[in-house]
Amino acid sequence: MTTPNDMAGEGFLAHEPHLRGEVAFRLLVDAVQDYAIFLLSTEGTVLTWNRGAERIKGYSADEIVGQHFSVFYTPDEREAGRPMSLLGSAAEHGRFEDEGWRVRKDGSWFWADVIVTALRDEAGAPYAYAKITRDLTERRASEERQAELLAERRARAAAEEALRARDRFLSIASHELKTPIANLRLSSASLLHVRESGHLDEGRLRAGLARIQTASERLGVLVAELLDITRLTAGVLPIHLGRTDIVAVATDVIERFAEADMGSRIRLHAPPQAVVEADASRVDQVLTNLIDNALKFSEPPAEVDVSIVEVPGAVDLTVNDRGMGIDDITATRMFEAFGRGEAVEHVPGMGLGLHISQQIVARHGGSITAAQRTDGPGATFTVRLPHAVTA
Amino acid sequence: VTARGRILVVEDDESLRETLAEVLADDGHDVRVAADGEAALDALHVWAPDLILLDLMMPKMDGFAFREAQRGVEEARPPKILLLSAAHAVESAADELQADAWLVKPFGLADVLRAVDELLAAPD
């Protein structure tokens, strides 16, 4: 508790002798309008009252002196024994500060900052409590407005970012879809044209058909991705669980790359088998996507290593490439829909593959992570599939 | 037989690039191809085309970056530019690139041949 001398200054009081001591202090306290300053007995009875208390709480001194201070609290807090526990804390620690709703005489609530100080006798036992209360309702309201404004601004930024992501996706998707369509139109029209002019030889026919095949396969992949993402968004992507040997799935996938003349760079390191509960075709899809990325982002003859390892309760499927690698930010963003790293913006594809893979792995109760390779340049993708899916 | 025009096709999709080269060659043009802006710039140093078919979204150097670099190459007769794009904003892109014309993907054979003929016949 502050003494009057501290408040007004020794020098000032020396020239104003009639303002010394108790009287000066009482006048000072009484004149304070912005703070409710009053004393409580150890039982919680109001002993003194000042103008600030009257202004903030609405009671005159006549009305409140002698009453128990629990009338300042909300019914819930009274019920919970909060008023007396506050005095207990002040007795224990000497001083206790609290913020919360308090009740005025007219029943209205205000947001209060309260400091309770225990006044102790020479033996250290409290003989009264000094309570200083400030009305912070307006400040709290303005803080709430600030918080609301901030939240609003954040929400707007997020919505704008979502719009930008959508625009980016539309632009990438339309480029990706329309290029093979242009190719189909041109190739077929050109074959027809050459045939009509009578110059269609075997080589020309083969080349034209091969391009039509490539373009239609590409379109097939893109449309499947778009369907997957649509079904994932709607929460209806079907997963058919069964006993699945990951090694057999990986062998199939790698064989398929070999058939497309892209198998010579892929190495498989695996035990004879590694069985988990999974949807074999979805695991195939995830691994195909990871290997496809690894090949796309690293130049031949760099090898792509696929490893399958049993770990406690799960199987780890790892794909290592020797590509540009990934920084930490990209490693977390790349699994978001349309979350491609800026460095790969122009690599073919819609940037949905990793997002779809992550969602599929999550549906299996597993995880997928990406990191910089530890043994030199390149990236590492690890899919962990638990032995059993627990819903 | 002299070629009707010298055309550089800059397109990252291999299949579309080869198809474009084929149909343009069929139509009597001398055609070269490049898979991205960098390769196209290299081609320009040894060969001066009358017309460049330019894709916008490409790896390494995209259509915008290529155009910026290409304008720096001294030419007696600068080549015409035919922009190929799937973007809905192709018109503003064409404007920004100062392209002479544009084709929106997916375009048909007749669209390509007509646009090429018009550009080659147009005065500089």
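**Contact between chain A and chain B, and the cores**

In this predicted model, the contact draws 20 residues from chain A and 24 residues from chain B.

Biologist: What makes Arg204(A) and Glu22(B) a salt bridge?

Modeller: Their side chains meet at 2.7 Å, N to O. The cut-off is 4 Å between a side-chain nitrogen of Lys or Arg and a carboxyl oxygen of Asp or Glu, so the pair qualifies. The count between chain A and chain B is 3 salt bridges.

Biologist: How many residue pairs are in polar contact across the interface?

Modeller: The rule finds 10 such pairs, with both residues at pLDDT 80 or more. On the side of chain A that touches chain B, α8 (137-196) and α9 (202-233) each supply at least two residues. α8(A) gives the most, with 16 residues.

Biologist: Which classes do the residues on that side of chain A fall into?

Modeller: They divide into 6 nonpolar, 10 polar and 4 charged. As for area, chain A and chain B bury about 2,100 Å² between them, and 61% of it is on carbon and sulfur atoms.

Biologist: Why is Phe381(A) counted as a member of the largest nonpolar core?

Modeller: A core joins buried residues of a set that includes Phe, through side-chain atoms within 4.5 Å; Phe381(A) is one of the 44 residues so joined. Phe381(A) and Ile291(A) touch the most other members. Leaving aside neighbours within four places in sequence, the contacts of Phe381(A) include Leu290(A), Leu317(A), Val319(A), Ile326(A) and Met334(A).

Biologist: What lies apart from that core?

Modeller: Another core, of 23 residues, among them Ile7(B), Leu53(B), Leu84(B) and Leu103(B).

How values were computed. Residues numbered from 1 in each chain as written. Chains lettered and ligands numbered in written order. Predicted model: local features only at pLDDT ≥ 70, side-chain atom pairs only at ≥ 80, totals over all residues. Heavy atoms only, no water. Buried < 20%, exposed > 50% of the residue type's maximum accessible area, 1.4 Å probe, protein only. Contact = heavy atoms within 4.5 Å. Buried area = accessible area lost by both parts, 1.4 Å probe. Polar contact = N/O pair within 3.5 Å; in protein donor to acceptor, adjacent residues only side chain to side chain. Helix = DSSP H or I, 4+ residues; strand = E, 2+ residues; numbered from the N terminus. Nonpolar A, V, L, I, M, F, W, Y, C, P; charged D, E, K, R; others polar.
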